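Take a moment with the sequence and the structure below before reading on. The paragraphs that follow lead from backbone details to side chains and packing, and then to how confident the prediction is.

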Amino acid sequence: MAAEPVDPLQQLAAALAVPPDSKEQADLLATLRESLEAHPSPIPILCTTLIKTVAGAGDSLLKRWVLDLLHYAICRSSLTVEARTQLASQSLEVLAQLLHDPNPNTVKVAVQCFPSVYALLFRMLCANRNFRQQWDILSQAKARILEFVWSPHVTSGIKFAAVKFTQRVILVQTRGNSDPRLQNKSDPNLSICPTDHPFISVPALEAEGMKLLEGIITILYTSNNADMLSAIINSWATLTKLRPALVELVVSTLARWTPAQLEGQPLVSTKSVEKAIRILLVHISRGPQGAAFASQINAALSTQSARMEQAAAEDKQRKAAASDASRKRSSATPQSEGPDTKRPKLESDTTAPSNALLSSFDFATLPSALVTELIVANLQTFSENTLIGLVQAYRHKRTANATTQAAPAIPTAPAAMVASTSAAAAAAVRPTPAPAIPSTAAEVQPAQSKGRSSRSSTPQPTPAVKEEPVDPMRMDIEEEEIEYEPDKLNQELSGDQEQVPENEAALDHEMDITADLQLTDFKLPPPKDWTSADRNAVVKNSLTRIWDGAKDLAPPEPAGELSEAPGSSASDMWMLLIVRMITRVTDPAQLSNDDDTPEKAEEPGSSAVSELYAHQDRLRQTLCDYIITDFPGRVRLATTWMNEEWYNDRLRLTSDRNWQPNYETWLNQIVAAYQTHSDGKDRTFSRFLLDLPSVPPDVLNLLRESCTEPDRRQMGFAALREFVAQRPSLRAEALTILLELTTHADKVTRGAAINTVKRWIPDVPPMDGMIRDFALQLLRRLQSRPKSPPKTEEPPAQGEDRDENMEDGQLPPEDIIQTPYLPEQLELPANNAQILQHMELIFALSVKVPDFLEEIFSAYGGMEQTVQETIQQLITPLIRAMTANPARLLTLLRTFPPGAESLALRVLTISTERERPSSQLVALVKSLVTERDLDARFLIPIIAEMDKADILRYLPRVVSVLNGQPEPKNLVRSVFNSVVVIPPQTFGSVTSNLPRVRQSELLTPAELMVLLHESEKEIGLKSAIEAIGICFSMTDIFRSEILAVVMNQLVDEPVLPTLFLRTVIQAVTTYRSLVGFVSTTLLSRLITKKIWTNPPLWEGFIRCAKLIAPASFGALLQLPKEQLRELVDKQPSLKAGLRDFVLKRAGGNKARMGALLDIFGEDDGKDTATPAPEAQTATPEATS
């Protein structure tokens, strides 16, 4: 491999610069490939860029190199799963096109890529519901590859790759482990696919997977290709491991298989298939899933052994017959007819190569598992009686050789080895004087050399026996393969030994020196007196040495697998030794019973007991300190220690009721010490607590405190979560702590607790029921009322009546839930943060279980007004999150209980803030407003989506909400903006109007103004005046020409609206350009309609005339004399102006001038004020 990575872009550019398909290009690409395999990070970029160039291109070295690199990247590289998935997604279309490439090698590589591509993309598409096109391409490619399996015209390489792809499809399209905690991420299957997936049909894929499995079984029974059959059988090992449900089908299939289709094939081909079947059946029988099929597997193996014996015998007979026929043909042929030919060696040549091959082959190079399988398979070819006979014959042969030969022969080496080993063991346990060792050795060495010389000088005879070819399936056990003889060893150990040669007996006698080593008057020297510090140091060093030494004895644990069961490994045994030396000590009562008198025993005994306890505590403290120095690495030691302490306390308490338990004391010591050394992200502590036999309340309180501290929050929540899930005895206490933390004042702590308990909603019993009850009790807590002294007894009586009528039932005051983080009584007026402590849990649960919203609505009516207003503010995120489920909101609005109208209105408003209301919502609200007589505010969010008739019908009711407050005024203004069409002059300008229905369904500004006047009684005069004022403030819509149209239309009404003249005054005040229209046209038409007959309108007429004087003088002179006199009497300031106007216009008509002057009176100089100032002073009065 390349020592250092090369620049992939430069190397690729250099490869592209040399002639295509040249040796230089091949070398450069090979160097680049070697570098990429060592440093694969640039592979995705290169493959994504280059794969597009190979589609449709002819066969070339670069194309083959790119495809091989893509196959390596997707199937065999060390890239992450995410990177491989992205690469497979980007290359899918090109790979699908390459399945139709004319070059078989290209098709083969493409097919080899698809097993991994299919698995990776299936996992991705299960989680992404928007990639329908990729699924279609993948399905088409799958269909194309499956055609290769059944097509007789494809090459064997493509067919083998297609069969491998089919096996992977079967794995993906069957169900794995349904438990999400046990699911293997590298095994995508139907269990990870949602049942409501928009384009992946789980039932259809499962049916297709079973059909493909049936097709593979059909190939197994009908194909005569031994390689194909071996490939299928070998791939089923993974199938049986990952899909335990299919083990029965596989076992029954293999048990019924026979080599009928392989008839006529060489025996070695049949043996390869039979061997694959045998290995797979043995593998299944040794696994956990094969126990149920042991009898069936054993029967199949027995049947196969008999079948193979018969096949070997038939093959042997066939070869013998062929050999005889060949000899007969050679003997019948005259020697003179042709040149001399060398006669083939049929007998000896068949054995010599076989023996030479086996003797020269190094079996140490094979895996141990394979060697074991081969040995077992060969032994099982013999029947039990045959095997026993062979073993007895071998023993008889060894015994005969040992007695006939003078020197020990090679086969008796194991016996000599056992004898020398026994002598060495005896010498090891008995101290031997120094002079005896060289003499003994000197005697043994000549004997050994003599034996070697005799063996080397004696020639071994070579038997001239004709041997038949050896069948590997029935090969006998060679002499040199058996060195371990359990029967002979048992015989020697039992004392029933064979006759020992004299020279060996003499040697044993000389080595027996037991009589010389009699220990007489031997006493051990007194032990050295150590200080307490020295003793503690020795104990600590011993603990460290024992623990570190146990690591050398521990076998390596496979990555990703569970550790050994407690007590099964060397480290577990050492841990038990350590902790039991500390926890299980001498009974202290025995120390005081050794004295003669009770009086003497009392004081010394008590001091000895105290010293013993102090010594025990020092040992425990040493062990505790040792554990804390590396708690993650020594957590198993801590767990073993605590379990032993707990068990020892239980044993002691059964015999001594005054025993002081050590378990809780030292558990608290470990926990307290861990707090100062802990890492907040380390989950070792939670696993330690989970393995404890008992968890005291102090530890649970510590976990509660840890959940509130930022550095230890993760550890605390992880431990409590594991207690709830895996410790039923602690489930209630741990879940109670978590639920109480959902009301914590700190938002982060509260959110973490809510996220923890939310995972058990809605269908993880019994936790879901406990969480639901707690959330509902918090909700009902908001219905309780604080007891205030100033209140009389009537409100509580009303509260009691309300409790009896509540749907869920109000809890009595003594049953109201209380947590450490909530005040005893709710503070009023409501505080947002305090209400959120009560409601955030049920808001979070409502996202997963919308039924909780109904509970909120049911309890809402019994809450205090400020609490209701706070909930209206806090519920906004929840309703926005639920807009994706409009059907649920419609049901909620249709069935909300009485008293929850304001909350329902808030929900309706939030759901229509960012989206247009649907037609179903519009119809529902209209029906609710009609049937339940709801507030007109319910119409505001939907009125823009109504047709014109409904707008005209409901708009007056909407306008009636005006009460002089800013909020209703802004709402009505937004409604006007949404239902009124903009005049043509402003088309194309930017507007903030909401999305509306088509323009023909909107109102024109004139229609809106006319509607407000015609519906003034339904709306109310005050509200109508305020609505008209809103229209006048919308100057971009209600311009002067619009107001002229409105006044011209209203003046023609049979009954003039009460507010008509007020609107006219407001119009001429806002737009002075309307004065001419009002003075020349409007006032004259009002005079013809005898406006003086309606006192309120007549008063408005007079004020309007005064406002626009002197422009109104011409119209005023059209009034009858009585009405003109009344007008000037009510507005004397108009007399002078009218008199001057008459004098200027009367001309020579003295009679008319006299009559009018009689009404206006002579000019006495009192009314000399000009009309303009009068008009100006009348303006505020007219507009008021």
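A good place to begin is P829, which sits in the loop between α33 (794-805) and α34 (832-848). In this predicted model, the peptide bond that leads from L828 into P829 is cis, with omega near 0°. Another cis peptide bond joins A1109 and P1110, where omega is about 5°, and P1110 is likewise placed in a loop, the one between α49 (1095-1108) and α50 (1113-1116). To put these bonds in context, most residues other than glycine have a negative phi, and most peptide bonds are trans.

The backbone angle phi also deserves attention at D933, which has a positive value of about 55° although it is not a glycine. D933 belongs to the loop between α40 (919-932) and α41 (948-959), and with a relative accessibility of 59% it counts as exposed. K1090, also a residue other than glycine, has a positive phi near 55°; it is found in the loop between α48 and α49, and its relative accessible area of 49% makes it partly exposed.

From the loops we can turn to the way helices pack. In helix α46 (residues 1040-1050), the buried residues are S1040, I1042, L1043, A1044, V1046, M1047 and L1050. Which helices do the buried residues of α46 pack against? They pack against α43 (1005-1014), α45 (1021-1033), α47 (1060-1070) and α48 (1075-1088). A single residue shows such packing in another part of the chain: L892 lies in helix α38 (residues 886-895) and counts as buried, at 7% relative accessibility. Leaving aside residues up to four places away in sequence, L892 touches L853, E854 and F857. The C-alpha atoms of L892 and A904, which are 12 residues apart along the chain, are separated by 8.3 Å.

Nonpolar side chains are also found at the surface, where W574, L577 and M581 form a patch with about 280 Å² of accessible area together. Of these residues, M581 is placed in helix α22 (residues 570-583), and it is exposed, with a relative accessible area of 53%.

Charged side chains offer another way to read the model, since a search of the whole structure finds 34 salt bridges. One of them pairs E37 with R33, at 2.8 Å from N to O; both residues lie in helix α2 (residues 23-38), four residues apart, which is about one turn of the helix. E37 is partly exposed, with a relative accessible area of 32%, whereas R33 is buried, at 15%. R132 and D136 meet in a salt bridge at 3.4 Å, N to O, and they too are four residues apart, about one turn, within helix α7 (residues 132-150). Here R132 counts as partly exposed at 44% relative accessibility, and D136 counts as partly exposed at 33%.

The salt bridge between the side chains of E274 and R307, at 2.8 Å from N to O, links distant parts of the chain, with E274 in helix α12 (residues 267-286) and R307 in helix α13 (residues 294-332), 33 residues apart. Both E274 and R307 are buried. Elsewhere, salt bridges that share partners join E1099, R1103, E1126 and K1130 into one network.

How many disulfides does a search of the whole structure find? The search finds zero, and two cysteines illustrate this result. C47 is buried, with a relative accessible area of 2%, and its sulfur is too far for a bond with the closest cysteine sulfur, that of C113, because the two are 9.4 Å apart. C126 is in no disulfide either, its nearest cysteine sulfur being that of C193, 3.8 Å away, and the cut-off for a disulfide is 2.5 Å. C126 is also buried, at 4% relative accessible area.

Finally, the confidence of the prediction should be kept in mind. The protein chain averages a pLDDT of 76, and 74% of the residues score at least 70. Over residues 503-517 the pLDDT stays under 50, and the model has 15 contacts beyond four places in sequence for this stretch. The pLDDT is also below 50 over residues 986-999, a stretch that has 22 contacts in the model beyond near neighbours in sequence.

Note on methods:
Residues numbered from 1 in each chain as written. Predicted model: local features only at pLDDT ≥ 70, side-chain atom pairs only at ≥ 80, totals over all residues. Heavy atoms only, no water. Patch = residues over 30% accessible without salt bridge, like charges linked within 9 Å, V, L, I, M, F, W, Y side chains within 5 Å. Areas by Shrake-Rupley, 256 points an atom, 1.4 Å probe, with all protein chains shown as cover. Salt bridge = Lys/Arg side-chain N within 4 Å of Asp/Glu carboxyl O. Helix = DSSP H or I, 4+ residues; strand = E, 2+ residues; numbered from the N terminus. Buried < 20%, exposed > 50% of the residue type's maximum accessible area, 1.4 Å probe, protein only. pLDDT = per-residue confidence, 0-100. Contact = heavy atoms within 4.5 Å.
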